[in-house]
Amino acid sequence: MTHLGHFDHNAHHHPFLLARVPAGARTALDVGCGHGAFARELAARGLAVTAVDRHVEASAPGVDFRRADALVDDLGGPYDFVSCLAALHHMPLVPALTRLRSLVRPGGVVAILGLAREEGFRDRALSLASVPLNVVMRLLRDDPVDDAPVRDWSLSLREIKAEADVLMSGARFRRHLFWRYSLVWTAAAPHSRTP
C-alpha cells in the first residue's frame, strides 16, 4: 500500500553518511540532531553518541541528547565521527566549520549534509531531476516529518568550498539529489614515530 506522506530528504542520505563512519569508531557527535533519527542510527551501529540541538526533545538508548548551542557550549569530545545534517546553513559558516573541525580526533571524520544556493547548469540540472523523484518518493514513503524551521540558504557550494579548502584541507564535496550536498573531511592522523 502506498502512502501520500512526507519524504525526508535528509534521511534519504543517511546510508551515504553512515558509510563514512571510520572503521573502529567508538564515539560520535551529531550536531543539529533535530528529533534524533540519525543519532539513533549511529547508536544502532554500537557508537556512543552525543546529539545536540538548541531545541532537542528526544531520548533513545545509547544516545546522550543535549540541548546546546553548537558554537558556544561544551560538547565534549574529541569524537571519532562528527555529523551535521541540514544545520550548517543555520550557523555562520567559518565559526561553524572551525568548531566542527575542533571536535574530531586525529584520524576522525567530519561529515556534513548541507543545503546550498544553486549556481550553474549542474546544480540546476540536479534540482530539476529531483522534482519528479521527490513526487514519487512522497507517494511511496511516509517518513517522519522534521518540523525544524526552514530558512533560506544564501551561500553557493563554490563559496562554501572556498572556505572549507582553507579550514578543512582535502575535504571531499559532492552534490546530491534532493537539494543536498555533502562535505566529508578526515582529520590528519598523527605521524607515527620510529623508535
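This passage describes the nonpolar cores and the ring contacts of a predicted model. Local features require pLDDT of at least 70 and side-chain atom pairs pLDDT 80 or more, whereas totals for chains, interfaces and linings use all residues. Residues are numbered from 1 along each chain as its sequence is written, and side-chain values use heavy atoms, without hydrogens and water.

The largest nonpolar core (buried Ala, Val, Leu, Ile, Met, Phe, Trp, Tyr and Cys residues joined through side-chain atoms within 4.5 Å) has 32 residues, with Leu88 and Leu183 making the most contacts inside it. At least two residues each come from several elements, among them strand 1 (27–31), helix 4 (93–102) and strand 7 (180–186); helices (H or I, at least four residues) and strands (E, at least two) are DSSP runs numbered from the N terminus. A second, separate core of 24 residues includes Phe16, Phe38, Ala43 and Phe81.

Leu183 is in contact (heavy atoms within 4.5 Å) with residues including Leu97, Ile112 and Phe173, residues up to four places away in sequence being left out.

One aromatic pair was counted (Phe, Tyr or six-membered Trp ring centres within 6.5 Å; planes under 30 degrees apart stacked, over 60 edge-to-face, the rest tilted). The ring centres of Phe173 and Tyr181 lie 6.4 Å apart with planes at 25 degrees, so the pair is stacked. Phe173 is buried at 19% relative accessibility and Tyr181 is buried at 1% (buried, under 20% relative accessible area; exposed, over 50%; partly exposed in between; 1.4 Å probe, protein chains only).

The charged end of Arg20 sits over the ring of Phe16, 3.8 Å from its centre (NZ of Lys or CZ of Arg within 6 Å of the ring centre and within 35 degrees of the ring normal).
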